[in-house]
Amino acid sequence: MSEIVQNDQPAEERRFSGLAASPGIGIGKAFVHGGVTAEPEAYRVEQGDVEGEIARLEVALVETRKQIEQLQEQVGRTANGHREASIFDAHLLMLEDRSVLDEVISIVRGERVNIDSACYRTINNYIAVLRVSDDVYLKQRVVDFEDVMRRILRNLSLRHPADQRVRHPHVLIAHELTPSDTAAMDRSLVMGFATEVGGSTAHTAIIARSLGLPAVLGLRGICDAIHTGDSLLIDGYDGILIINPSPETLTVYDALADEKNSAAKRLEDIRDSKPETSDGREITLSANIEFEHEVSIAKENGAQGIGLYRTEFFYMHDGDMPSEDHQAENYSRVVSGIEPDGVIIRTVDIGGDKLPAGVSEPEANPFLGWRGVRLTLARVEMFKAQLRAILRAGAAGNVSVMFPMLSTLDEMKRCRLLLEECADELVREGVEHSREIDVGAMIEVPSAALISDQIAGEVDFLSVGTNDLIQYTMAVDRDNDQVASLYQPLNPAVIRLLRMTVSAGHEKKIWVGVCGEMASDLLCIPLLVGLGFDEFSVSAPRVPSVKHALRSLSYDECKAMATEALKYSGQEDILASCRALAMESYPELLSR
Ligand code: PEP
Ligand code: MG
């Protein structure tokens with residue numbers, strides 16, 4: 001995180017820059033959550049709830065003791081662990097010493113404040129006293145004391161998630177948010193969020209964009225720099241977080257919001273126009289959705305169907321896939337909702353950054369692990385229930401299915417065979433369905449791109465998941481802001497794989513689309529058009545601007561530019577060519 005403006009105004013306005021993860025402007029009071037040192041919100045509790053608050057502390061203490069004992073055991077098992085493990089004896093003794101905890105309890109009883117806030121205050125007071133103590137032994141205890149107390153605080157907050165407590169509009173500040181945290185956010189209360197870690201194609205960021213929630217990620221240290229109650233402005237366009245925005249800043253942002261609204265209104269005029277280039281190449285422009293309710297947003301924005309229906313939300317909500325009937329009903333509603341256009345349902349891509357806790361053993365490298373079809377092909381009953389539900393939804397309208405995380409041809413073939421097996425079963429059982437659904441392969445692993453000619457022979461379409469393809473080609477975790485500069489959509493290695501995939505599909509006379517976030521990156525669109533992609537699938541709110549970009553570009557110019565770009569050795573040159581064409585074709589979309 002870098003602080004980019006030194007204060008030259010009387011108000012203590014401060015700005016921090018991070019990764020622009022989801023566009024929009026959010027203004028509100030901060031609520032800091034999740035950071036180990038984050039300050040919990042203070043609120044008054046009813047007299048009748050005081051004992052409940054104290055009980056929460058007791059539960060957190062039991063949890064804390066368990067964790068320390070486990071740590072002690074783990075450390076004790078290592079070669080020189082015996083001595084280190086004795087440190088935890090001191091920690092356990094601190095838990096026995098009730099004097100600090102009794103002080104916390106008496107604050108809760110006396111002031112009727114929540115336990116987290118009483119705990120936080122007491123701990124900070126003690127730490128302040130210990131730090132200035134002349135007694136060397138006491139001074140050395142600060143680290144241990146802090147460690148134990150922070151653990152208690154964390155256990156308290158885990159047992160009482162922040163977003164359930166905050167009932168007023170706020171800007172959420174957190175160390176990290178999971179996709180399900182983000183999906184559960186109440187849009188009327190959360191004005192935007194900023195986190196210390198995360199990348200702009202992490203699933204959390206994708207969900208923020210589909211919810212229209214301004215977000216800035218990768219603001220290291222922000223949980224310590226901001227306190228609950230601070231006034232904040234979050235600028236998701238440029239990835240800036242402003243503490244105590246001055247009246248002048250607020251005026252500037254008011255004007256920006258007006259400008260963005262008018263630009264969005266202007267784009268409404270092309271809502272019903274075709275997304276074809278200025279020289280007549282027709283491209284399909286569809287929407288990515290995460291949740292059923294987004295069908296109407298896709299339609300309002302003029303999408304030509306759903307190019308990617310992610311189905312992980314079932315897991316996020318329930319921690320498991322629901323029954324076949326439940327899924328079939330959901331898919332059929334989406335199909336009917338988007339008629340006469342179609343929907344491409346992506347089979348569940350559990351794993352990577354999308355795996356909710358408890359589904360499988362934690363993995364050391366989840367992105368290289370049990371994910372997508374690797375998992376579903378191993379959990380055949382679960383997979384078949386989804387495939388049967390998709391085939392059943394085919395009876396309601398235009399449905400396609402595609403498979404995520406393919407790395408071999410064999411996986412693709414096995415997916416197809418299972419689909420056929422499911423269709424045969426449905427015939428035997430006399431259950432209404434359609435087996436005439438199109439089948440697609442997601443190309444998001446370099447090995448799949450490299451054999452896309454073989455995969456193309458097995459399917460009706462290819463859809464490139466650039467979020468993952470970039471991550472795996474560059475060996476860069478898409479969630480990790482520390483390596484974000486290496487996450488390069490326009491790297492020569494990436495664009496060669498893209499070109500290879502498009503050629504492989506066209507060779508086999510099937511269409512090839514892009515459903516990763518690159519398809520809505522205004523600077524990358526000229527290259528994707530030039531490479532010959534037939535379909536762009538982007539998050540629903542981005543459909544209008546992508547349509548405008550497509551309609552402003554000349555296919556011939558893009559093709560010539562892409563041919564040259566493929567000869568370049570660095571992403572900077574490719575980016576410069578793309579930018580030049582984008583600036584010439586749709587400068588109004590690129591201005592801030
Ligand atoms: C992708 O990887 O580009 C993609 C569309 O899938 P997801 O973001 O859901 O992994
Ligand atoms: Mg993917």
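In the predicted model, a polar backbone atom of Gly 465 lies 3.4 Å from an oxygen atom of ligand 1. Side chains also supply polar atoms to the ligand: an N or O atom of the Arg 346 side chain is 2.9 Å from a ligand oxygen, and for the side chain of Arg 371 the corresponding distance is 3.3 Å. On its own, ligand 1 has 290 Å² of accessible area, of which the protein covers 100%. The ligand is surrounded by 16 residues, and those that come nearest are Arg 310, Arg 346, Gly 465, Asn 467 and Arg 478.

The largest nonpolar core comprises 103 residues. Within this core, the most other members are touched by Phe 403, Leu 498, Ile 525, Leu 527, Phe 533 and Phe 536. Helix α17, spanning residues 409-429, contributes the largest share, with 8 residues. When residues up to four places away in sequence are not counted, Phe 403 touches Thr 347, Val 373, Phe 383, Leu 387, Met 412, Cys 415, Val 439, Gly 440, Ala 441 and Met 442. Another core, of 32 residues, lies apart from the largest one and includes Ile 54, Phe 88, Ile 107 and Ile 115. In soluble globular proteins, nonpolar side chains tend to be buried together.

A polar residue, Gln 327, is located in helix α14 (residues 324-338). Its relative accessible area is 0%, and Gln 327 is therefore classed as buried, the limit being under 20%. The side chain of Gln 327 forms a polar contact of 2.6 Å with the side chain of Tyr 331. Beyond neighbours within four places in sequence, Gln 327 contacts Phe 314, Met 321, Pro 322, Ala 385, Gln 386 and Ala 389.

Notes: Residues numbered from 1 in each chain as written. Chains lettered and ligands numbered in written order. Predicted model: local features only at pLDDT ≥ 70, side-chain atom pairs only at ≥ 80, totals over all residues. Heavy atoms only, no water. Core = buried A, V, L, I, M, F, W, Y, C linked by side-chain atoms within 4.5 Å. Buried < 20%, exposed > 50% of the residue type's maximum accessible area, 1.4 Å probe, protein only. Helix = DSSP H or I, 4+ residues; strand = E, 2+ residues; numbered from the N terminus. Contact = heavy atoms within 4.5 Å. Near = heavy atom within 4 Å. Polar contact = N/O pair within 3.5 Å; in protein donor to acceptor, adjacent residues only side chain to side chain. Areas by Shrake-Rupley, 256 points an atom, 1.4 Å probe, with all protein chains shown as cover.
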